[in-house]
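User: I am new to this structure and would like to understand the reasoning behind the terms used for it. Could we go through them one by one?

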Amino acid sequence: MKKGDICQGTISGVDFPNKGRICLEDNTVTVKNGIPGQKIEFMVNKKRGGRLEGRLLKVLEKSPLEKREPVCSIFPACGGCMYQTMPYDEQLEMKQNQVKKLLDDVIREEYVFEPIKRSPREFAYRNKMEFSFGDEYKGGPLSLGLHKKGSTYDVLTAADCRLVHEDMTKILTCVLEFFQEKGVGYYYKKMQHTGYLRHLLLRRADTTGEILVNLVTTSQEEHDLQPLTERLLGIDTQGKIVGILHIINDSLSDVVKSDETRILYGQDFFYEELLGLKFKITPFSFFQPNSGAAEVLYNTVREYIGDTRDMTVFDLYSGTGTISQIAAAVARSVVGVEIVEEAVEAAKENAAMNGITNCTFVAGDVLKVLDDLTGKPDLIILDPPRDGIHPKALPKILDYGVERIVYISCKPTSLARDLELIQERGYRVDRCVCVDQFVHTVHVETAVLLVRKT
């Protein structure tokens with residue numbers, strides 16, 4: 001078997017997050033984006049030593065696990081939710097087994113791996129979605145939606161995406177039709193760094209129904225967006241649009257960020273409620289994307305935290321302060337550290353709004369802030385970005401020698417890597433559980449309770 005060969009095989013299993021295994025000619029080939037039991041055609045595109053990787057070309061036979069029909073028009077070409085044709089219970093079992101396999105390889109002592117916790121909702125659960133402008137094929141008509149599976153450039157219009165509330169797809173359709181009618185199809189081209197339309201960032205609160213619409217463009221052209229604003233406000237939505245923003249982003253990289261934000265209507269924030277607390281959320285504030293599953297996760301964290309009366313808690317990578325405020329109810333004081341200044345300001349406002357007086361929030365990189373913090377925590381909560389904790393920050397965190405650490409991870413491979421050092425420094429994994437915040441996708445949240453050995 002050599003590079004460029006086109007082969008067929010059946011996926012025997014999938015390792016986290018989406019690495020399918022196919023055994024052929026005494027070789028194991030890794031092919032991404034498949035489901036166990038599918039017979040597929042693939043091209044060998046990498047061969048290094050004894051490692052072979054292939055690119056999925058097409059599915060020849062469905063998996064026995066695919067027991068239901070797709071619920072949207074762009075499946076399976078879209079890379080958004082790979083597992084929607086699998087019953088939800090079987091998705092949960094597969095994710096749980098993937099994470100347990102990863103952790104069993106690095107955890108050195110016996111620990112309790114609890115049954116995975118499901119999302120309260122299977123569909124319309126996402127409170128945030130970043131849609132991209134592009135074309136479905138080179139030179140094709142303007143599209144707005146999600147990237148094709150395995151493609152950096154081709155974009156499929158997600159007008160019936162079932163991961164989000166119908167309000168969001170109505171807004172997406174309105175925005176796309178507006179620019180199609182205006183003849184503005186000059187979307188941003190990443191390689192040439194030219195173009196106008198970049199992204200549509202939508203956020204919708206589950207409990208309040210408040211919606212924030214963020215149109216992201218470059219500054220390379222100027223267009224009158226007032227007619228778009230008026231059209232958006234005329235949509236019949238269940239929730240209420242409380243803000244429409246025009247975000248200017250001239251970054252060369254394909255990220256959603258703001259060089260300048262212009263308010264076209266209303267305000268640049270909305271409110272969401274979790275576990276009896278109210279949170280102000282701005283366009284780029286980190287907030288768990290599945291509000292219902294976030295409550296499940298935070299109740300789990302509260303359980304793992306246990307009795308923290310008269311304790312000082314450090315909540316590192318604290319976002320808009322959700323976990324900090326939940327911990328504050330059972331702690332003497334909480335210090336939250338977050339690198340996004342906008343999120344820190346929102347966290348301060350949230351705490352004041354909820355009448356919480358024992359939380360302090362610090363803006364900055366955890367790696368640097370820890371050098372300046374005074375006082376010693378009794379317990380540490382970690383909820384780092386997808387890539388995990390900076391390798392220079394983790395030793396500083398462990399130097400505090402706290403009795404318990406609660407680590408929340410949205411990428412189990414990063415968690416497994418960090419657990420190696422944490423265990424070397426004298427901690428053992430006591431309990432672990434997955435919470436499915438990302439139904440139908442390859443992702444899952446994991447919470448771990450670590451206890452210092454005596």
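User: How many bridges join β18 to strand β19, and in which direction do the two run?

Analyst: In this predicted model, five bridges join β18 to strand β19, which covers residues 359–363, and the two run parallel. Because at least two bridges are needed for strands to count as paired, the five found here satisfy that condition. One position to look at is Val335, which stands opposite Thr360 in β19.

User: What makes the connection from β18 to β19 a β-α-β crossover, and which hand does it have?

Analyst: The chain leaves β18, passes through helix α6 (residues 341–353) and arrives at β19, and this crossover is right-handed. On the other side, β17, α5 and β18 also make a right-handed β-α-β unit, and six bridges join strand β17 (residues 308–316) to β18 in a parallel arrangement.

User: Why is strand β18 described as largely enclosed?

Analyst: Strand β18 spans residues 331–338, and six of its eight residues are buried, so the rest of the structure largely encloses the strand.

User: Is Gln325 buried or exposed, and how do you know?

Analyst: The relative accessible area of Gln325 is 1%, and since buried means under 20%, Gln325 is called buried. Gln325 lies in helix α5, residues 322–328, and, leaving aside neighbours within four places in sequence, its contacts include Leu277, Phe279, Asn350 and Cys359.

User: Why is the pair Glu424 and Arg108 called a salt bridge?

Analyst: The closest N and O atoms of Glu424 and Arg108 are 3.9 Å apart, and because a salt bridge requires such atoms to be within 4 Å, the pair qualifies. Glu424 belongs to helix α9 (residues 412–424) and Arg108 to the loop between α1 and β7, so the salt bridge ties together parts that are 316 residues apart in sequence.

User: What makes Glu424 count as exposed, and what makes Arg108 count as partly exposed?

Analyst: Exposed means over 50% and partly exposed means between that value and 20%, so Glu424, at 55% relative accessibility, is exposed, whereas Arg108, at 47%, is partly exposed.

User: Which salt bridge involves Lys348, and where do its two residues lie?

Analyst: The side chains of Lys348 and Glu345 meet in a salt bridge at 3.7 Å, N to O. Because they are three residues apart in helix α6, about one helical turn separates Lys348 and Glu345. Lys348 has 40% relative accessibility and Glu345 has 43%, so each counts as partly exposed.

Terms used. Residues are numbered from 1 along each chain as its sequence is written. This is a predicted model: local features need pLDDT of at least 70, side-chain atom pairs count only at pLDDT 80 or more; totals for chains, interfaces and linings use all residues. Side-chain values use heavy atoms; hydrogens and water are left out. Helices (H or I, at least four residues) and strands (E, at least two) are DSSP runs, numbered from the N terminus. Buried means under 20% relative accessible area, exposed over 50%, partly exposed in between (1.4 Å probe, protein chains only). Contact means heavy atoms within 4.5 Å. A crossover is right-handed if, with the strands pointing away from the viewer, the path from the first strand over the helix to the second runs clockwise.
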